[in-house]
Amino acid sequence: MTPTITAFETSPDRGKGFARDMQVRWALEEVGQPYEVRLVSFKAMKEPAHLAVHPFGQIPTYEEGDLALFESGAILIHIAGQHAGLLPDDPDATARAIMWMFAASDTVKASIIEREGALLVERDKPWQAERMPMLDERVRKRLGELSNRLGDAEWLDGDFSIADIMMVGLLRRPAATPLVAEFPNLVAYVERGKARPAFQRAFDAQFAVFANATPSP
Ligand code: GTB
């Protein structure tokens with residue numbers, strides 16, 4: 001059955017692939033699973049039809065027959081369970097890949113989201129300039145720890161997995177990139193992810209939404 005995912009009808013990033021449908025598209029492209037996309041406006045996201053699938057009124061969602069999922073990480077785990085190539089066969093290695101998914105969506109992400117919030121929401125506040133060095137340092141600390149662990153490895157833990165989809169997606173965020181740039185192995189890691197043909201296909205598909213957009217009134 002062809003799954004249907006949701007994505008922004010008009011993404012604020014103008015097609016740069018920072019919204020989370022990008023991770024879902026990337027995973028589906030990795031395994032060659034065709035999918036349909038239902039585009040939702042910011043208004044429609046908060047209406048009952050979408051809230052029935054996503055209680056927090058966000059994208060992405062994933063629907064396949066009677067199954068309706070939200071949370072990009074959970075969607076990736078579901079896709080990996082259906083197709084070979086996104087999680088290792090060995091149960092211990094799978095547990096480690098899922099551990100890295102939590103690292104990407106929790107431990108590493110927290111400081112990046114805080115920096116992002118300060119950049120976007122506190123732009124006009126008098127305290128922003130004073131706060132930024134502290135927030136930069138928190139991100140730098142986490143990225144330094146990640147960089148130390150990654151070392152010269154190609155991927156986070158053995159073969160490429162959905163953990164890398166989550167981590168590369170996080171490190172691509174504009175609030176992370178100036179600090180990621182301080183760690184050459186993290187820069188190379190992100191570039192390796194972006195060089196995968198499946199990433200390119202996913203990127204092109206979401207960019208086409210922006211390029212062809214005719215927003216709802
Ligand atoms: N934990 C959830 C997941 O992983 O699925 C997070 C989902 C989420 O944050 N969804 C965002 C959303 O729907 C889009 S991805 N926001 C609308 C709302 O809450 O009303 C976050 C995002 C949005 C936009 C950009 N951008 O334009 O640069 C980047 C990232």
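How many of the ten residues of α7 are buried? In this predicted model, the count is ten of ten, so the helix is mostly covered. The buried set runs through Ile162, Ala163, Asp164, Ile165 and Met166, and carries on with Met167, Val168, Gly169, Leu170 and Leu171. As for what does the covering, these residues pack against α1, α4, α5, α6, α8 and α9.

One of those partners, α9, is worth a look of its own. Helix α7 spans residues 162–171 and helix α9 spans residues 184–194, and their axes come within 10 Å, crossing at roughly 115°. The crossing of α7 past α9 is left-handed. On the α7 side, the contact is built from Asp164, Met167, Val168 and Leu171, while α9 brings in Tyr189, Val190 and Gly193. Sorted by class, that makes five nonpolar residues, one polar and one charged. As background, residues three or four places apart in an α-helix point the same way, because the helix has 3.6 residues a turn.

Gly193, one of the α9 residues in this contact, has a relative accessibility of 0% and therefore counts as buried, the cut-off being under 20%. Setting aside neighbours within four places in sequence, Gly193 is in contact with Trp26, Trp155, Val168 and Phe199. A longer span can be read off too: the C-alpha atoms of Gly193 and Ala104 are separated by 15 Å, with their positions 89 residues apart along the chain.

What about the nonpolar interior? In soluble globular proteins, nonpolar side chains tend to be buried together. Here the largest nonpolar core holds 49 residues, and the members that touch the most others are Ile79, Leu86, Leu143, Met167 and Tyr189. Several helices give two or more residues to this core: α1 (21–31), α4 (72–82), α5 (91–121), α6 (128–150), α7, α8 (177–180), α9 and α10 (197–211). The most comes from α7, with eight residues. The core also draws on both domains, taking at least three residues from each of domain 1 and domain 2.

Met167 turns up both in the contact with α9 and among the core members that touch the most others. Which residues does Met167 contact, leaving aside its neighbours within four places in sequence? The list is Trp100, Ala103, Ala104, Val108, Leu146, Leu156 and Tyr189. Apart from the 49-residue core lies another one, made of five residues, including Phe8, Ala19, Met45 and Ile59.

On a broader view, the protein is divided into two parts: domain 1 covers 4–85 + 199–211, and domain 2 covers 91–196. Taken over C-alpha atoms, the centres of the two domains are 21 Å apart. Across the boundary, 18 residues of domain 1 are in contact with 17 residues of domain 2.

Helix α5 offers two buried residues that are not in the nonpolar class. Thr94 sits in this helix and has a relative accessibility of 18%, so Thr94 counts as buried, under the 20% cut-off. Beyond its neighbours within four places in sequence, Thr94 is in contact with Leu87 and Pro88. Glu116 is also found in helix α5, and its relative accessible area of 17% is why Glu116 counts as buried. Not counting residues up to four places away in sequence, Glu116 touches Arg173 and Ala175.

The loops hold a few backbone oddities. Where is Pro60? Pro60 lies in the loop between α3 (48–51) and β3 (61–64), and the peptide bond leading into Pro60 from Ile59 is cis, with omega near 5°. Ile59 is also one of the residues of the five-residue core.

Two residues other than glycine have a positive phi. Arg14, in the loop between β1 (4–8) and α1, has a phi of about 55°. Is Arg14 buried or exposed? At 53% relative accessibility, Arg14 counts as exposed, because the cut-off for that class is over 50%. Glu71, placed in the loop between β4 (67–70) and α4, has a phi near 80°. Its relative accessible area is 43%, so Glu71 is partly exposed.

Methods
Residues are numbered from 1 along each chain as its sequence is written. This is a predicted model: local features need pLDDT of at least 70, side-chain atom pairs count only at pLDDT 80 or more; totals for chains, interfaces and linings use all residues. Side-chain values use heavy atoms; hydrogens and water are left out. Axes are lines fitted to C-alpha atoms, for helices over the stretch in contact, and angles run from 0 to 180 degrees between N-to-C directions. Helices (H or I, at least four residues) and strands (E, at least two) are DSSP runs, numbered from the N terminus. A crossing is left-handed if the near helix is turned anticlockwise from the far one by less than a right angle, and right-handed if clockwise. Contact means heavy atoms within 4.5 Å. Ala, Val, Leu, Ile, Met, Phe, Trp, Tyr, Cys and Pro count as nonpolar, Asp, Glu, Lys and Arg as charged, and the others, Gly among them, as polar. A nonpolar core is a set of buried Ala, Val, Leu, Ile, Met, Phe, Trp, Tyr and Cys residues joined through side-chain atoms within 4.5 Å. Buried means under 20% relative accessible area, exposed over 50%, partly exposed in between (1.4 Å probe, protein chains only). Domain bounds come from an automatic or database domain assignment.
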